[in-house]
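Visitor: I would like a close look at one part of this model. Please pick a helix pair, show how the two pack, and then follow the contacts outward.

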Amino acid sequence: STFWTLIGATFIDHVGGALLFPFFALYVTEKFSVGMTEVGILFTIFAGFSFIGTMLGGALTDKLGRRWMLIFGLVVSASSSLLMMVVNDLALFYALAALVGLLANAGGPAQQAMVADLLPEEKLSEGYGVQRVAMNLAVVIGPAIGGLMAATSFNLLFITDAATSIVTAVIVYFALPETKPVVAEGEEEESLPETFKGYIRVAKDGLFISFLLVSILMVIVYTQMNSTLSVYLRDEHGLTAREFGYLLSMNAAMVVLFQFSIARRISKRPAMLMMAFGTLLYAIGFAMYGFVNTFFFFILAMVIITVGEMIVTPVAQTLVAKFAPEDMRGRYMAVYGFSWTIPFAIGPLLAGLIMDNLNPDWVWFAAGLVGLVAVGGFLLLYFRTAGEWKEEVPVEQVTEVV
């Protein structure tokens, strides 16, 4: 089916990214003889311009269509990988990072919107769950292959990443139809300025903005896994990089093995309650790191966090699709990106200030407290929406495979 073709294309593209990303900091520090500060600046530039690019991509997805925005993002991604391979000046590399951030992520909202276009509402949680399995399977496979390539030449990583993006673009061009909802007969299609003005409509959707703000609190907790946790476990408990790698590998493997079955089970439950439950697992798992001191309990905490992740991520994307009118899915998906951009901008910084000035255990105590506040927020949203959304009441569903 078209949905499975999209998932296959997603997997191929993410394998390329997973080959390259784990070794990107190594490449930059080695090639330009710089430290992690310069790498941090590079990621900040990329993240800042990605924010703008995602907003542009969301509007253009709703105006021009999903398929062409996907192809555009993939071609730009392939071109940028090849350019990064040949640029030898750090200042030029910074400029390239800005350009890549602005353009390469333009296809992100299109991909998310296409899933919502292709599946009925009651199947969205399962669909986004399957998409996550594909992405995490790429993360399991990619770094192992990338490590072998990097040992030979970093250039192989960039060439392979570019090749996977082009292959994916070809698949999208020949095998995926346009899924953008057709304008009803007699209705005028939005002009480009009106499309961008649509973001004002999104901002006035009070329920969605409330969901976004609570999600930001939740993701501030989650970001600690990919930023602060490795340094904390190394400095406070003597964990090696390899041991921390085992924790992350287990996280990705669990998603591959269990995400689909969990997504099917929770699709029959009220979505906001599932957000509250998943976030509660985040609060418990991350808070545990402030209390435990053996590798067994580090693993247990990661298992709890991963189960929370498998509940929260597909349900959150389903809810965004539910909030969005059909003709505004790209813009809603783009604005939901704030729930990741803002936490990644402030979460590691706040944790760093605590670690450098207070007892480092307080990072995890604070994560638990912020997580509990987010749980309360999702419960309030559940009671707010239960009367309005009939779907928030559990219903029996068709059990056919997506």
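Guide: What follows is a walk from one helix pair into the core, and then to two single residues. The model is predicted.

Start with helix H10, residues 206–222, and helix H13, residues 271–288. Two packed helices are described by the angle between their axes and the distance between the axes. Here the angle is about 25 degrees, and the axes lie 10 Å apart. H10 is therefore roughly parallel to H13, as angles under 35 degrees count as such. The crossing of H10 past H13 is left-handed.

Which residues make the contact between H10 and H13? H10 supplies Phe211, Met218, Val221 and Tyr222. H13 supplies Met272, Met275, Thr279, Tyr282 and Phe286. By class, eight residues in this contact of H10 with H13 are nonpolar and one is polar. None is charged.

Now take Phe211 from that contact. Beyond its neighbours within four places in sequence, Phe211 touches Met272 and Met275. Phe211 is also in contact with Ala316, Leu319, Val320 and Phe323. Tyr336, Phe378 and Leu381 complete the list for Phe211.

Next, the core. In soluble globular proteins, nonpolar side chains tend to be buried together. The largest nonpolar core in this model holds 89 residues. Phe208, Phe211, Leu233, Met275, Tyr289 and Phe378 touch the most other members. Helix H14, residues 295–323, gives the largest share of this core, with 14 residues. Another core lies apart from it and has 18 residues, including Leu20, Tyr27, Val28 and Leu157.

Two single residues remain. Tyrosine 128 sits in helix H7, residues 124–152. Is tyrosine 128 buried or exposed? Tyrosine 128 is buried, because its relative accessible area is 0%, and the cut-off for buried is under 20%. Residues up to four places away in sequence aside, tyrosine 128 touches Gln112, Val115 and Ala116. Tyrosine 128 also touches Pro314, Gln317, Thr318, Ala321 and Met333. Alanine 263 is 135 residues from tyrosine 128 along the chain, yet their C-alpha atoms are separated by 8.3 Å.

Glutamate 243 belongs to helix H12, residues 241–266. Its relative accessibility is 29%, so glutamate 243 counts as partly exposed. Leaving aside neighbours within four places in sequence, glutamate 243 is in contact with Gly238 and Phe295. Serine 230 is 13 residues from glutamate 243 in sequence, and the C-alpha to C-alpha distance is 9.7 Å.

Terms used. Residues are numbered from 1 along each chain as its sequence is written. This is a predicted model: local features need pLDDT of at least 70, side-chain atom pairs count only at pLDDT 80 or more; totals for chains, interfaces and linings use all residues. Side-chain values use heavy atoms; hydrogens and water are left out. Axes are lines fitted to C-alpha atoms, for helices over the stretch in contact, and angles run from 0 to 180 degrees between N-to-C directions. Helices (H or I, at least four residues) and strands (E, at least two) are DSSP runs, numbered from the N terminus. Angles under 35 degrees count as roughly parallel, over 145 as roughly antiparallel, 65 to 115 as roughly perpendicular and the rest as oblique. A crossing is left-handed if the near helix is turned anticlockwise from the far one by less than a right angle, and right-handed if clockwise. Contact means heavy atoms within 4.5 Å. Ala, Val, Leu, Ile, Met, Phe, Trp, Tyr, Cys and Pro count as nonpolar, Asp, Glu, Lys and Arg as charged, and the others, Gly among them, as polar. A nonpolar core is a set of buried Ala, Val, Leu, Ile, Met, Phe, Trp, Tyr and Cys residues joined through side-chain atoms within 4.5 Å. Buried means under 20% relative accessible area, exposed over 50%, partly exposed in between (1.4 Å probe, protein chains only).
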